[in-house]
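Thanks for sharing this one. Here are a few numbered points to read with the structure open beside you.

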Amino acid sequence: MTPETLLHHARQGDRPAFGQLVRLHQDGVFGFLWRMGLRRAVIDELAQETFLRAWAHLPRYEPARAAFSTWLLAIARNLALNELDRAGHRLEQPAGDREADDPPDPAGTPPEVLQHKRRRQQLHAALARLPADQRSVLALAYLRELPLAEVARIEGISE
């Protein structure tokens, strides 16, 4: 089934269709939350909550306003910002592990591969120093490579 057909069935209460939508979009949601600088356990919780809220509010989803992936990332963004706003929350520098939607390590000599990993770690360290709302915009626009119009819809801001 196409994603549109899955969405149609899911909106009619078809749980297996929604499960397939989750599998289609989970890498994007996990990758976004990871780039927000959250701990792995928190990412797992927020990703699960994102999909639970999406299922619960699926009748309110308006396809004419935004793509399903945009709507999911908006839910994940709001949950991540709420988590980051909580008192005493400590951001963690992501480990060197590659997330599902990160580009693969390039083939090359060991020094080239090491340099690539260091650059990725530097990027995540730089993102972690930004305020959460700015980190979110950069993660969506440059790392997820979403069009600015879609980023603006997720963030609730103008282009």
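1. A good place to begin is the residue just after α7: Gly156 has a positive phi there, of about 70 degrees. Please keep in mind that this is a predicted model, and that the phi of Gly156 comes from that model like everything else below.

2. Helix α7 itself is worth a look. Glu150, Val151, Ala152, Ile154 and Glu155 are buried in α7. You may like to colour these residues of α7 by burial and see how they sit.

3. What does α7 (residues 148-155) meet? Its axis and that of α4 (residues 68-85) come within 8 Å, crossing at roughly 45 degrees. That angle makes α4 oblique to α7. The crossing of the two helices, α4 and α7, is right-handed. On the α4 side, the contact is made by Ser69, Thr70, Leu73, Ala74 and Arg77, while α7 contributes Glu150, Arg153, Ile154 and Glu155. Among these contact residues of α7, Glu150, Ile154 and Glu155 also appear among the buried ones.

4. Let's follow one residue of that contact. Thr70 is located in helix α4. Is Thr70 buried or exposed? Its relative accessible area is 2%, and under 20% counts as buried, so Thr70 is buried. Setting aside neighbours within four places in sequence, Thr70 is in contact with Glu150, Arg153 and Ile154. These three partners of Thr70 are also among the α7 residues that make the contact with α4.

5. Now to α5 (residues 110-129), with a simple check on its length. With 20 residues at 1.5 Å a residue, α5 should span 28 Å, and its end C-alpha atoms are 29 Å apart, which agrees. The expected span is 1.5 Å times one less than the number of residues, if you want to redo the sum.

6. Which residues of α5 are buried? They are Arg120, His124 and Leu127. These residues cover an arc of only 60 degrees around the axis, which puts them on the same side of α5. The face of α5 turned away from that buried side carries the exposed residues Pro110, Pro111, Arg119, Gln122 and Arg129.

7. Finally, the whole protein. Its secondary structure comes to 7 helices and 0 strands, and the pattern along the sequence reads α-α-α-α-α-α-α. Of its 159 residues, 38% count as buried. Among contacts with a separation of 6 or more, 60% are between residues 24 or more positions apart.

Key
Residues numbered from 1 in each chain as written. Predicted model: local features only at pLDDT ≥ 70, side-chain atom pairs only at ≥ 80, totals over all residues. Heavy atoms only, no water. Helix = DSSP H or I, 4+ residues; strand = E, 2+ residues; numbered from the N terminus. Buried < 20%, exposed > 50% of the residue type's maximum accessible area, 1.4 Å probe, protein only. Arc of directions from axis to C-beta. Axes fitted to C-alpha atoms, helices over the stretch in contact; angles between N-to-C directions. Parallel < 35°, antiparallel > 145°, perpendicular 65-115°, else oblique. Left-handed = near helix turned anticlockwise from the far one by under 90°. Contact = heavy atoms within 4.5 Å.
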